[in-house]
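Me: Please take one part of this structure and look at it closely. I would like a single connected account that I can follow with the picture open.

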Amino acid sequence: MENTSVSKHTISFGLSAALASVVNALLVVAKEKNQAVLAGMQKIAGHQWVAHSAIILILFGFFGWLFARANGGQGLKMTVNRLIGTIMAGVVTGGLIIIGFYLIGD
Amino acid sequence: MTELILMAHVLFGVACMITTVWIFVDVLHASETNQARIRRMSWAAAVFMWLAFCIAGYWYVVFYKVDKAIILKGPWAFAHSFFMETKEHLVIMLLVLVTYLPIATSNNLVANKDARRVALWVAGLIALLALMMEGEGAIIAMGVKVALLAK
């Protein structure tokens with residue numbers, strides 16, 4: 001019989017990737033619409049894009065680690081269909097927010 | 001020298017894309033004989049993308065302002081205002097996904113159909129996003145070219 005479960009890190013970092021994609025897009029809108037956010041990011045790393053990249057990568061690592069520690073260290077539980085759907089939804093939503101913002105919002 | 005930096009980032013970006021397509025095909029035919037290769041190639045894709053990202057990031061922060069000024073004065077100002085602006089942020093999503101790929105392929109792909117499905121979706125997304133980045137990069141380069149030709 002074929003095994004159908006995936007590791008807790010596959011689920012936790014997959015969810016984290018979806019979350020990071022959406023936060024990435026929201027951070028674009030926040031920094032482009034709010035000069036204080038942009039100036040703050042510039043101050044953190046010397047260049048707003050470097051700060052932006054670092055924030056998203058740290059969020060990805062942190063939430064992946066956090067989700068893996070949920071349920072007493074067993075990690076978050078969900079079906080693979082739901083995991084794939086969440087990753088797709090996160091990436092597509094993040095992508096559409098960024099494209100839509102520079103197409104019509106900026 | 002700046003052109004070499006620019007071309008190196010394209011080279012590693014293309015290497016990541018080709019490697020990911022390779023992984024996609026290998027996962028479709030996952031077996032005991034190619035599972036170790038899939039995992040090695042997943043790490044290779046991540047390393048290629050991190051190299052492309054760091055090299056491009058250095059070029060973007062240090063040198064891009066000259067190209068940006070040229071593009072904005074030319075007939076293809078959208079090469080910066082839309083394509084560069086979206087590329088510099090979409091590529092962060094690509095980096096996150098390609099960093100996740102070695103985790104997705106660390107499961108037993110031979111015995112586990114669900115693990116193969118996750119790996120296929122992630123590899124497919126990476127390949128499409130990488131192709132999109134290459135296209136946007138080409139438009140940005142063309143933005144500089146048409147601006148210089150218009151002078």
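Reply: Chain A has a mean pLDDT of 94, and 95% of its residues reach 70 or more. These are confidence values, as the model is predicted. Among the elements of chain A, the lowest mean pLDDT belongs to H2(A), at 95, and the highest to H1(A), at 97.

The part to look at is helix H3 of chain A, which runs over residues 48-73. H3(A) has 26 residues, and the distance from its first C-alpha to its last is 36 Å, close to the 38 Å expected at 1.5 Å a residue.

Begin with the residues of this helix that are covered. In H3(A), the buried residues are A:Gln48, A:His52, A:Ser53, A:Ile56, A:Phe60, A:Gly64, A:Phe67 and A:Ala68. They pack against two helices of chain A, H1 (8-33) and H2 (35-45), and also against helix H4 (78-104) of chain B. The partners of these buried residues therefore come from both chains.

Next, take the partner H2(A). H2(A) and H3(A) pack with their axes 7 Å apart and at an angle of about 85°. Angles from 65 to 115 degrees count as roughly perpendicular, so the two helices H2(A) and H3(A) are roughly perpendicular to each other. On the H2(A) side, the contact is made by A:Leu38, A:Met41, A:Gln42, A:Ile44 and A:Ala45. On the H3(A) side, A:Gln48, A:Val50, A:Ala51, A:His52 and A:Ala54 take part. The residues of this contact divide into seven nonpolar, three polar and no charged.

One residue of that contact can be followed further. A:Met41 lies in helix H2 of chain A. A:Met41 has 21 other C-beta atoms within 10 Å, and 20 or more is the cut-off for a buried residue, so A:Met41 is buried. Leaving aside neighbours within four places in sequence, A:Met41 is in contact with A:Lys31, A:Gln48, A:Ala51 and A:His52. Of these partners, A:Gln48 and A:His52 are also among the buried residues of H3(A). For A:Met41 and A:Met78, the separation is 37 residues in sequence and 35 Å in space, C-alpha to C-alpha.

Now go to the other end of H3(A). A:Asn71 is found in this helix, and its phi is near 55°, a positive value in a residue other than glycine. A:Asn71 has 11 other C-beta atoms within 10 Å; the cut-off for exposed is 12 or fewer, so A:Asn71 is exposed. Just after H3(A), A:Gly75 has a positive phi too, of about 85°.

Last, consider the second chain. In total, 32 residues of chain A are in contact with 29 residues of chain B. H1, H3 and helix H4 (80-105) of chain A each supply at least two residues of the side that touches chain B. H4(A) gives the most to that side, with twelve residues. The residues on this side of chain A divide into 19 nonpolar, twelve polar and one charged.

Chain B, on the far side of this interface, has five helices and zero strands. Its C-alpha atoms fill a box of roughly 60 × 25 × 20 Å, taken along the principal axes. Of its 151 residues, 45% count as buried. Among contacts in chain B between residues at least 6 apart in sequence, 81% join residues at least 24 apart.

Conventions: Residues numbered from 1 in each chain as written. Chains lettered and ligands numbered in written order. Predicted model: local features only at pLDDT ≥ 70, side-chain atom pairs only at ≥ 80, totals over all residues. Helix = DSSP H or I, 4+ residues; strand = E, 2+ residues; numbered from the N terminus. Contact = placed C-beta atoms within 7 Å. Expected span 1.5 Å × (residues − 1). Nonpolar A, V, L, I, M, F, W, Y, C, P; charged D, E, K, R; others polar. Axes fitted to C-alpha atoms, helices over the stretch in contact; angles between N-to-C directions. Parallel < 35°, antiparallel > 145°, perpendicular 65-115°, else oblique. pLDDT = per-residue confidence, 0-100.
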